[in-house]
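Colleague: I'm new to reading models like this, so please zoom in on one part and take your time over it. Once that part makes sense, show me what surrounds it and how other parts compare in style.

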Amino acid sequence: MWFKNLIIYRFTQPFDISAEELAEKLAEHPFRPCGSQEISRTGFVSPIGEQGDLVHAAGGYTMVCSKKQQRVLPAAAVNEAVEDKVKAIEADEGRKVGRKEQQQIKEELVITMLPKAFTRSSRLYAYFAPKEGHLIVNSSSVTAAEELLVNLREALGSLPVVPAASKSIPQQVMTNWLKHQETDSDFVLGQECELRDPGEDGGIIRCKNQDLSAENIINHLEEGMLVSKLAIISSAGIECIVDENLTVKRLKFGDMIQEKADAEEPDTAAQQFDVDFTIMTLELANFIRSLYALFGGEDTNYAI
């Protein structure tokens, strides 16, 4: 299970719950399919597969997985059913159906239609890194990550985390990198960026597969635009896009890292998962440390 995005949270106090205790707490909040009248339901499942443990632990890191099931009830289908119902009432009773009554009809139809609606499911993975004081979520959506935190807090009773932050302002640092075409020895610039005008109009310029040292890009920076997203490549071969909130997107692990996993030749899918998880967490520990160093270090003043 190789993460493709990273939203990083910092524990404000030590996380000392063991893998066994964590599994016990999550077992009280397992995933169950939606009931006939439920729009969505979320619970915890095994990161490895349906028959695996709810927590996968290796090397001091523990992975968890949340599964969400939603009933798909298209707005167009609901609106069409409401329209048909309203027309039938007006034709049969010879009167105009008001807005309040239409809303009531809609609510009744939703209740009727929900049990017949298709469902779709999604999984969200995260892992605890107590040595580094981090909780790392495999998502590019802050909304989805925060929903996972809510579910974890419900299961654990508390989860003292805040979004990890750097000591320097990311936009200013990335803008300076691009202006001077340098980061440090651990990273080089990629070929993608997003520039934003800090003014009221907020113009945006997106550059992809471009030479970021081109004169026109530098001119935009000289005119006051700031870098809000930037492609970078680590010396270990990890490629990604970093945004102004230090969310890591489109994460790619290079061939040298993948070769480490391939060299193990495990016998089962579960063993392969364990190998991948072990290698990934070790690589990401170094990557995240180096990434925050680029931005002046991680701001941990709020940590106890």
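Modeller: Let's begin with a bit of vocabulary: a strand here is a DSSP run of E covering at least two residues, and strands are numbered from the N terminus. With that settled, our starting point is R250, which sits in strand β12. Keep in mind that this is a predicted model.

What is the phi of R250 near? It is near 50°, so to speak on the positive side, in a residue other than glycine. That is worth a second look because most residues other than glycine have a negative phi. As for its surroundings, R250 has 43% relative accessibility, so it counts as partly exposed: the value falls between the 20% and 50% cut-offs.

Now step back a little along the chain to L246. This residue lies in the loop between β11 (238-243) and β12 (248-253). L246 is not a glycine either, and its phi is positive, about 65°. Is L246 buried or exposed? Its relative accessibility is 4%, and anything under 20% is called buried, so L246 is buried. So you have a positive phi at L246 in the loop and another at R250 in the strand, with L246 buried and R250 partly exposed.

Go forward along the chain and you reach helix α7, residues 255-262. M256 is part of α7. Its relative accessibility is 63%, which is over 50%, so M256 counts as exposed. To get a feel for distances, try M256 and F118: they are 138 residues apart along the chain, and their C-alpha atoms are separated by 42 Å.

Helix α7 also has a packing partner. In general, two packed helices are described by the angle between their axes and the distance between the axes. For α7 and helix α8 (residues 269-294), the angle is about 145° and the axes are 9 Å apart. The crossing of α7 past α8 is right-handed. On the α7 side, I257, K260 and A261 make the contact, and they meet Q272, V275, D276, I279 and E283 of α8. Sorted by class, this contact of α7 with α8 has four nonpolar, one polar and three charged residues.

What about the interior? In soluble globular proteins, nonpolar side chains tend to be buried together. Here the largest nonpolar core has 54 residues, and Y127, L178, L230 and F287 have the most contacts inside it. Helix α8 gives the largest share of this core, twelve residues. Pick L230 and look at what it touches beyond four places in sequence: the list is M174, W177, L178, L189, E192, C193, L212, C240, I241 and V242. Another core, of 24 residues, lies apart from that one and includes I17, F128, L148 and A155.

To see how other helix pairs look, take α2 (residues 75-93) and α3 (residues 99-113). They pack at about 125°, with their axes 9 Å apart. An angle like that makes α2 oblique to α3. This crossing is right-handed too. From α2 come A77, V78, N79, A81, V82, K85, V86 and I89, facing E101, Q102, I105, K106, L109, V110 and M113 from α3. The contact of α2 with α3 has ten nonpolar, two polar and three charged residues.

Then there is α1 (residues 19-27) with α4 (residues 142-156): an angle of about 100°, and axes 8 Å apart. That puts α1 roughly perpendicular to α4, because angles from 65 to 115 degrees are called that. L22, K25 and L26 of α1 touch L152, A155 and L156 of α4. By class, that gives five nonpolar, no polar and one charged residues for the contact of α1 with α4.

Finally, two residues for practice. R206 is in strand β9 (residues 204-208) and is exposed at 62%; beyond its neighbours within four places in sequence, R206 contacts C193 and E194. S36 is in the loop between α1 and β2 (40-45) and is partly exposed at 43%. Setting aside neighbours within four places, S36 is in contact with R71, L114 and P115.

Methods
Residues are numbered from 1 along each chain as its sequence is written. This is a predicted model: local features need pLDDT of at least 70, side-chain atom pairs count only at pLDDT 80 or more; totals for chains, interfaces and linings use all residues. Side-chain values use heavy atoms; hydrogens and water are left out. Axes are lines fitted to C-alpha atoms, for helices over the stretch in contact, and angles run from 0 to 180 degrees between N-to-C directions. Helices (H or I, at least four residues) and strands (E, at least two) are DSSP runs, numbered from the N terminus. Angles under 35 degrees count as roughly parallel, over 145 as roughly antiparallel, 65 to 115 as roughly perpendicular and the rest as oblique. A crossing is left-handed if the near helix is turned anticlockwise from the far one by less than a right angle, and right-handed if clockwise. Contact means heavy atoms within 4.5 Å. Ala, Val, Leu, Ile, Met, Phe, Trp, Tyr, Cys and Pro count as nonpolar, Asp, Glu, Lys and Arg as charged, and the others, Gly among them, as polar. A nonpolar core is a set of buried Ala, Val, Leu, Ile, Met, Phe, Trp, Tyr and Cys residues joined through side-chain atoms within 4.5 Å. Buried means under 20% relative accessible area, exposed over 50%, partly exposed in between (1.4 Å probe, protein chains only).
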